[in-house]
Amino acid sequence: MDKVVSSAARAVDGVVSGNSIAVGGFGLCGIPSVLIAELLAKGVTDLSVVSNNCGVDDWGLGILLRERRIRRMTASYVGENKEFARQYLEGELEVELTPQGTLAEKLRAGGAGIPAFYTATGVGTQVADGGMPWRYDAEGNIAVASPPKETRHFEVDGESRTFVLEEAIVTDVALVRARRGDRHGNLVFHESARNFNPLAAMAGRHTIAEVEELVEPGEIAPDDVHLPGIYVHRVLALTPEQADDKRIEKRTVQEAGR
């Protein structure tokens, strides 16, 4: 039951080139930066990554992107990474943009064993109709486009509405970061870090969690557990320096005296 490993290298042992990886975090909040850096050092490449966003140019998933380690990205927001935009527009990266709530539910459904679900989000757009550019060629032409998705009518509140079928996401590996965790893999997340970390963890066939504070089993009250240890396979306890090494995506300050 003790899932704690001694090093980041041991934590990512078994992650190989070509894997699909779900990565937790919301913006730069709650991203598993130590595990991501270890993947970079390990040299794995040709990765298919699912995450809310792709970090920034020099932090988070952005460091894997910078070194051309990511082949395909499924995300809902990518606006803070110039290298991401360059690679996508020049045909070096395949990108599947997904509505944020839909992405969250696709990950949750994968972890819950639900193969697909219907949602109204995306109906009447290229999300449902197909034709969204997934990859361009070097000349800027669409090389790969999204296929159309199945739609179906359901009666909701006495009105017939159209819904689109979305398939769940299950990945080979998941990387997440938690505020607290015990040796059994039970995790607690801090505020906005809870947005995508539990969902990414659920979607992974093999989930690795880095935790800012490691506690003994029983120190986290059952009602306080955000993600039960059944979803977690390895736990990496961060050093205080690693736990404190966090970035602010956009710093906003107020003039003194105002």
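Start at glycine 113: this residue follows helix α5, and its phi is positive, near 80°. Helices (H or I, at least four residues) and strands (E, at least two) are DSSP runs here, numbered from the N terminus. You are looking at a predicted model, in which local features need pLDDT of at least 70, side-chain atom pairs count only at pLDDT 80 or more, and totals for chains, interfaces and linings use all residues. Residues are numbered from 1 along each chain as its sequence is written, and side-chain values use heavy atoms, with hydrogens and water left out.

**Stop 1: helix α5**

Now step back and select residues 100-112, the 13 residues of α5. From first C-alpha to last, α5 reaches 18 Å, close to the 18 Å expected at 1.5 Å a residue; the expected span is 1.5 Å times one less than the number of residues. Show the side chains of Thr102, Leu103, Ala104, Lys106, Leu107, Ala109, Gly110 and Gly111, which are buried. Buried means under 20% relative accessible area, exposed over 50%, and partly exposed in between (1.4 Å probe, protein chains only).

What do the buried residues of α5 pack against? Colour β2 (20-23), β3 (47-50), β4 (70-75), β6 (116-119), β10 (159-167) and α7 (197-203) to see these partners. Contact means heavy atoms within 4.5 Å.

**Stop 2: the strands around β10**

Keep β6 and β10 on screen: they pair in the antiparallel sense over four bridges. Two strands pair if DSSP finds at least two bridges between them. Click alanine 116, and look for its bridge partner in β10, glutamate 167.

Next, add strand β9 (residues 151-156), which runs antiparallel to β10 and is joined to β10 by six bridges. Here valine 156 stands opposite glutamate 159. The hairpin of β9 and β10 has two residues between the strands, and aspartate 157 in this hairpin takes a positive phi near 55°.

**Stop 3: other positive phi values**

Most residues other than glycine have a negative phi, and most peptide bonds are trans. With that in mind, select aspartate 46, which is not a glycine yet has a positive phi of about 60°. Aspartate 46 is found in the loop between α2 and β3, and is partly exposed at a relative accessible area of 37%.

Glutamate 191 is another residue to pick, with a positive phi near 50°. Look for glutamate 191 in the loop between β12 (187-188) and α7. Is this residue buried or exposed? At 62% relative accessibility, glutamate 191 counts as exposed.

While you are checking backbone angles, visit helix α2 (residues 33-42), whose buried residues are Ser33, Val34, Leu35, Ile36 and Leu39. Glycine 43 follows α2 and has a positive phi, near 90°.

**Stop 4: charged pairs**

How many salt bridges does a search of the whole structure find? The count is 24. A salt bridge is a side-chain nitrogen of Lys or Arg within 4 Å of a carboxyl oxygen of Asp or Glu.

Try glutamate 83 and arginine 68, whose closest N and O atoms are 3.4 Å apart in a salt bridge. This pair links distant parts of the chain, 15 residues apart: glutamate 83 is in helix α4 (residues 82-89), and arginine 68 is in the loop between α3 (61-66) and β4. Arginine 68 is partly exposed, at 43% relative accessibility.

Then select glutamate 90 with arginine 86, a salt bridge with its closest N and O atoms 2.8 Å apart. Glutamate 90 is partly exposed at 41%, and arginine 86 is partly exposed at 26%.

Move on to glutamate 94 and arginine 135, whose side chains meet in a salt bridge (3.9 Å, N to O). The two are 41 residues apart, with glutamate 94 in strand β5 (residues 94-97) and arginine 135 in strand β7 (residues 133-136). Glutamate 94 is buried, with a relative accessible area of 14%, whereas arginine 135 is partly exposed at 29%. Finally, select Arg177, Arg179, Arg180, Glu210, Glu212, Glu213 and Lys246 together: salt bridges that share partners join them into one network.

**Last stop: the whole view**

Zoom out to the full protein, with its eight helices and 14 strands. The C-alpha trace spans about 55 × 50 × 45 Å along its principal axes. Of the 258 residues, 47% are buried.
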